Amino acid sequence: MASVEQHVEQEILQAGDRVAEASETIEAEVPVQAPTQAPPTGEIPVENPATGETVRTVPDLGADAVAEMAARGRRAQPEWAAYGFDGRARVLLRAQKWLMDNSQRVADTIVSETGKTYEDANLAEIGYAGNAFGFWAKNGPEYLADESVKSSQILVKGKKLIQRYRPLGLIGVIGPWNYPLTNSFGDCIPALMAGNSVILKPSEITPLTSLLMAEGLRECGLPENVLQIATGRGETGAALIEHVDMIMFTGSTKTGRKVAEAAARRLIPASLELGGKDPMIVLSDADLERAANFATYFSMQNAGQTCISIERVYVEEPVYDEFVAKVSAKVRALRVGNPDGGFGTVEVGAITFPPQLDTIKDHVADAVQKGARVIAGGQQVPGVGRFYEPTVLVDVDHTMKCMTEETFGPTLPIMKVADADEAVRLANDSPYGLGASVFSRDAARGEAIARRLEAGAANVNDAMINYTVLELPMGGAKTSGIGSRHGAGGIRKYCSQQAIVVTARMAMKKELFMYPYKTRTSRLLAGAFKLMYGRGKRD
Ligand code: NDP
């Protein structure tokens, strides 16, 4: 009998064949456009965090350059909207194929500017974007289709009622450094599918993937200036908000507040995907081997620099020692270092953002100073590049930063709790509410606990998987964000809603309620309301 692995492999191969067949039907009808260069006002060096070398420099665009980009983007948008769903989907599906054809180049670029492993670049970035191109091309038209509405309101009987979505115009996307493809570029895909033009401001730390993707989309026939990349620092992002019709921001809660304030001043919508401090709860009836593997992988994956990393674990007392032993053995076995040898080189790559290393060191030192024990790792890796050892902390509590503030590094603090209620109380004792996990062999009990967690997403016997399900909304509770990506709301947010009422049939010269007011007619209407709405009870 075939093993589960063989079955999955077979599925992947079959899916590959289907995709190959489908891509052959995509014809190159739209002409390829030449890239546009905005004038640089300075240069930003992009560093490879694994080697310390400068990969290349990018322009640091000022407010004037952003204003010019916005004007170009606005001019380009009507033509792109006129492509219609089919035309836009065709470009996105070509881009999906382009991404797979250029996956090595894209992975090399991601790894060069983030220092993450090729596995992290492939699974959580290229895999995500490949799926997203197809998902929005296929589902965008359905999510944005005109909806015919029925109403119980008697005054509109016989009228045609429609709810429709139309592109807002020019969307600004501002992204973080931890996932240059998934979190910076990824949000451009539904915005484009909805018929908008987009200006993407990637993090100054990791702008190269966005520039490469824009090049790829131009090759796939995206009209000039429909997607522009505004390289620059925070000021460039602030300038962008002044020109767009909507801002999609992913980054820290601190910057998110500034973005929300700027958007409020302009009265434009803002969708904010912010920081997290995701808890994992391990109940005493959990499959401990699975729970330990998940805790290890999802705290260390991408060197812990994922908004929905497992950042803290609460374990019921009876299984605490066994869980800690399993996790610490697994974490100690991880290899950390320069990932440039390709797949299989190391499990844990570099710390991408220089100040993040200080935060990680500060959180570990603070915990140790307050009584925590380091049972794996606990030090910066000496030598070239920016690396931190995969670290496990025990004897931790909520007086420590490692349990209450976003660490964003390869650290895993594990805390013993008396029971599930204490675990839920501590999990919710956070200003953040992005993701959460519960492990229990009793799935119904796990789900009941998941429902009590103040998080935008909660996985039972799983972690992070919700992010890959593009049909589900992904967004934060509390200070982890406002709005969400994915699902119907993940594309409708790039549109304005319009209600259309068409009176075609039974159009009288004058409606009953119009002037002049007459006692009899007004009484008749008041009586009708009582008849319709006054038959309930007040018990
Ligand atoms: P930051 O908030 O520091 O930066 C995010 C982006 O905002 C960058 O492009 C930055 O530019 C830009 N920026 C900085 N200041 C301003 C400003 N005043 N106006 C507009 N834009 C500005 O976040 P990080 O890049 O450090 O990313 C890490 C954070 O992102 C973590 O908190 C993580 O949890 C969160 N995140 C959340 C996700 C989610 O889905 N909820 C997903 C991924 C990450 P520059 O870099 O050039 O300074």
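Here are a few points on one strand pair, the main pocket and the cavities of this predicted model.

1. Ground rules. Local features need pLDDT of at least 70 and side-chain atom pairs count only at pLDDT 80 or more, while totals for chains, interfaces and linings use all residues. Residues are numbered from 1 along each chain as its sequence is written, and side-chain values use heavy atoms, with hydrogens and water left out.

2. E16 and E17. Strands E16 (residues 435-439) and E17 run parallel, joined by four bridges; strands pair if DSSP finds at least two bridges between them. Gly435 has Ala457 in E17 as its bridge partner. Between the two strands the chain passes through helix H16 (residues 443-452), a right-handed β-α-β crossover (clockwise from the first strand over the helix to the second, with the strands pointing away from the viewer). Helices (H or I, at least four residues) and strands (E, at least two) are DSSP runs, numbered from the N terminus.

3. Faces of E17. In residues 457-460, Ala457 and Asn459 point to one face and are buried, whereas Ala458 and Val460 point to the other and are not. Buried here means under 20% relative accessible area (1.4 Å probe, protein chains only).

4. The largest pocket. Its volume is about 1,100 Å³, the space filled by probe spheres set on grid points joined across faces, edges and corners. On a 1 Å grid over the protein atoms alone, a pocket is an open set with protein on both sides within 12 Å along at least five of seven lines, a cavity is a set of points where a 1.4 Å probe fits but cannot get out, and lining residues have an atom within 4 Å of a point. Of the 40 lining residues of the largest pocket, Trp177, Phe249, Gly251, Ser252 and Thr255 lie nearest its centre. Helix H10 gives the most, with seven residues. The lining splits into 17 nonpolar, 14 polar and nine charged (Ala, Val, Leu, Ile, Met, Phe, Trp, Tyr, Cys and Pro count as nonpolar, Asp, Glu, Lys and Arg as charged, the others, Gly among them, as polar).

5. The cavities. The whole structure has two cavities of 30 Å³ or more. The largest cavity, about 70 Å³, is lined by 15 residues, including Pro279, Tyr432 and Glu454. E10 (278-282), E15 (432-433) and E16 each supply at least two of them.

6. Back to the strand pair. The second largest cavity has a volume of about 60 Å³, and its largest lining share, three residues, comes from E16. Gly435 and Asn459 are among its lining residues.

Key: Buried means under 20% relative accessible area, exposed over 50%, partly exposed in between (1.4 Å probe, protein chains only).
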